[in-house]
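Trainee: Could you show me how to read a few backbone and packing features in a model like this one?

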Amino acid sequence: MRTEPMAAPMAAIPFSVALQTWQTMPGQPMRPSDSPPQTLLERFHPDYAAQATCRLMVGASKGARCHPLLARIIQGNALIGDVDLAALAPVTTDILVIGGGGAGVAAALAAREAGADVILAAKLRVGDSNTVMAEGGIQAAVGDDDSLQRHYDDTLKGGHQAADPALVERLVGQAPAIIRWLIQLGMHFDLADSPTPGARLLRKRAGGTTAARILSYRDFTGLEMMRVLREAVELDRGVTILNRHPAVELLSNDHGHCAGAVLYDLEHATLRIIRARAVILATGGAGRLHLQGFATSNHYGATADGLALAYRIGARVRDMDSFQFHPTGIAWPQHLAGGLISEAVRSLGAKLINGLGERFIDELAPRDLVTAAILRECAEGRGVVRDGQVGVLLDTPGLLAEKPDLLSRQLVSLAHLADRCGIDPRREPLLIRPTLHYQNGGVEIDRHGATAVPGLYCAGEVAGGIHGRNRLMGNALLDILVFGREAGKAAATLAGTPLTGRVGLEHVRDWQRQLTYAGLINGPRSPLLYPAYGNFDLRAHMATARKG
Amino acid sequence: MDEIIHLRIDGRDVAVAAPASILQAAMADGTALTANVGCMGQGVCGACRCLVRREGEKQIATALACETRAEAAMQVSFIVYFTPDKPHRYDIAAIQDLWQLSDAVDRHFPEAAHCRHCSGCDRACPKGLSVQQGVALSVAGDFAAAAAIFEQCVMCNLCTLACPEGIWPNHLGLMVRRAIAALTLRPSDLIRRLNEIERGAMTPDATEKE
């Protein structure tokens, strides 16, 4: 029988007792594994829980498995109808990019390089995204002991052979060129040696890889990357940036192609129609849905908006029942729960310790296995409880005793996080528990980021098929840039083509007919735009904001 | 059990169970939250910038709401993120060697040489960076030291907002950082791998499975 994370309080070892055991236990023995990896996943990984899957009832991927909470959103009804668009004058552009994270900005920059005009619409502000929060690094096979083939094999194996080989081939093949592109834009990377001609890149190991392949900048790689990308796109006069403009619906033309989007201008509380030759959805993932009650490491905007929009206009989705729960989220204190501790900490040697002072899993096994093992410890009474929060210990004191210099240079984010937890990571281990981190599946794309709907492209976490059913550390920062640029380049080939015919919400009317047949017409509306605790309702916002 | 604290956020009286961040407190009264929020606790996106006055203090301080504890009787004003047109646009690819970097600083950030040393930027920085010194080092051509000062900048733009000369210090620091990376970073292992790929000597083969 499965034990769920939010179920009744489970038996666990009090923090003070666990701390004492940890201090006195010599050598940290590894408890031998009692079950093969697949059994561990099936028994303890949240994806395998009974209530974690259902079948889609409508749409292009009808019958496919999907998480029920996500199914409600992507099978939701539209937020707007024809009447809302009456008397609105459209703005025209070549490419509309929806989403202001790494994938969206990479797409915008690539489309500009190809000569297209671009509007980039961000729900919050360009740069506010999971990209800026990424800590560990980006994979690229540059080492002597490494090859594109190894990167390819590791990625497929880590994803349980479920990824699309053509996408993985493109991912790993473009990786070195992406690093060069980032350096040309002005991004720094850590070097293994002093910065002299001939210096090599610092390479770290990631869970589930056969060679050290993680390139990084300190432990805030995403911040270094995003501030460079944001500056580059903000300085480009060919890109119009619309901050605080969430997309509420896509537009279709007479041929069923995607032909733009309807945005909500939060500042003026009014809808805006953007007519485009191609739309690139780069809206990110779904962590803020808190599937199965898990805390999340994701930023505020991760509410699966692009999935709902793409599915409604006819794109296919895949692996929508597969999510990554990052092994090391903060468990205590509760008000910081879900905050991420980078895999870099384990990559550098930190061990996971249960309430009995034992290690219980290879800390650098693939993330889904480490997560399942931590949840097993918690479910079977070997977890550690502090003020009602249950998790296991991350032995930072053990790591920092060996390498005391790490905190000031390489693990700046860890030092910052521990400080906010009120913990000295050199003396006291952190209490951690898996946190909802990444949507493995998403909209089906080809190697150019194109979906089944002409004119609609997807890049970044909203897209699926690149990582199969489990993503390796460092492959997300790579994926957003590779497929962001691919989508931008491919979409830009439509620049300057004539805009003909009517554009509107025909696909929404078609979708509503499908919902009616399936008995789902009275379901929720989507996209969500903000998490439940964001207190946002489109109609209420339009009404009150207009009152002034 | 949890203590309820009362504070004032953007003119609203808010009650929240402690411990909570200012950002969590701002959501507690049902107000729609559509701006000044991003990473929600990591302190890296700079979106939740605000002015804070603590009880009994006259001084107002800047803070990131996601990483600052809400305290009883605190007064908080969020600072809306604005995006004025960039006064000085540059193309990083046009700065072609380090001999030109001082010229680029003068050309794209001409106000930097007129710093009044008022320390407004230092006081505005929620990360405690020595912004003013970073500006001076950039003007003096000590680029490595300037780049180091701005290493942990989250681009919240509070220094840009605070500067009476319109220097845009964080953007100056970022240009210096970008130029150094773009002009000096030439990793030998990356160069070799790119050569191998361009020669066709290394391709991933989707069919050749073990």
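Mentor: Gladly! Helices and strands here are DSSP runs, numbered from the N terminus. With that, we can place N535(A), which lies in the loop between β23 and α18 of chain A. Keep in mind that this is a predicted model.

Trainee: What is unusual about the phi of N535(A)?

Mentor: N535(A) is not a glycine, yet its phi is positive, about 55°. N535(A) counts as partly exposed because its relative accessibility is 29%. H160(A), also not a glycine, has a positive phi of about 60°. H160(A) sits in the loop between α7 (148–158) and α8 of chain A, and at 38% relative accessibility it counts as partly exposed.

Trainee: Which peptide bond is cis in the loop that follows β23 of chain A?

Mentor: The bond from S526(A) to P527(A), with omega near 0°. P527(A) is found in the loop between β23 (525–526) and α18 (538–547). In chain B, a cis bond joins A18(B) and P19(B).

Trainee: And how do I read helix packing?

Mentor: Two packed helices are described by the angle and the distance between their axes. Take α8 (residues 165–185) of chain A and α8 (residues 188–198) of chain B: their axes come within 10 Å and cross at roughly 130°. That makes α8(A) oblique to α8(B), and the crossing is left-handed.

Trainee: Which residues make the contact of α8(A) with α8(B)?

Mentor: Among them are P176(A), I179(A) and I183(A) of α8(A), and L190(B), L194(B) and I197(B) of α8(B). By class, the contact has 7 nonpolar, 1 polar and 3 charged residues.

Terms used:
Residues are numbered from 1 along each chain as its sequence is written. Chains are lettered from A and ligands numbered from 1 in the order in which they are written. This is a predicted model: local features need pLDDT of at least 70, side-chain atom pairs count only at pLDDT 80 or more; totals for chains, interfaces and linings use all residues. Side-chain values use heavy atoms; hydrogens and water are left out. Axes are lines fitted to C-alpha atoms, for helices over the stretch in contact, and angles run from 0 to 180 degrees between N-to-C directions. Helices (H or I, at least four residues) and strands (E, at least two) are DSSP runs, numbered from the N terminus. Angles under 35 degrees count as roughly parallel, over 145 as roughly antiparallel, 65 to 115 as roughly perpendicular and the rest as oblique. A crossing is left-handed if the near helix is turned anticlockwise from the far one by less than a right angle, and right-handed if clockwise. Contact means heavy atoms within 4.5 Å. Ala, Val, Leu, Ile, Met, Phe, Trp, Tyr, Cys and Pro count as nonpolar, Asp, Glu, Lys and Arg as charged, and the others, Gly among them, as polar. Buried means under 20% relative accessible area, exposed over 50%, partly exposed in between (1.4 Å probe, protein chains only).
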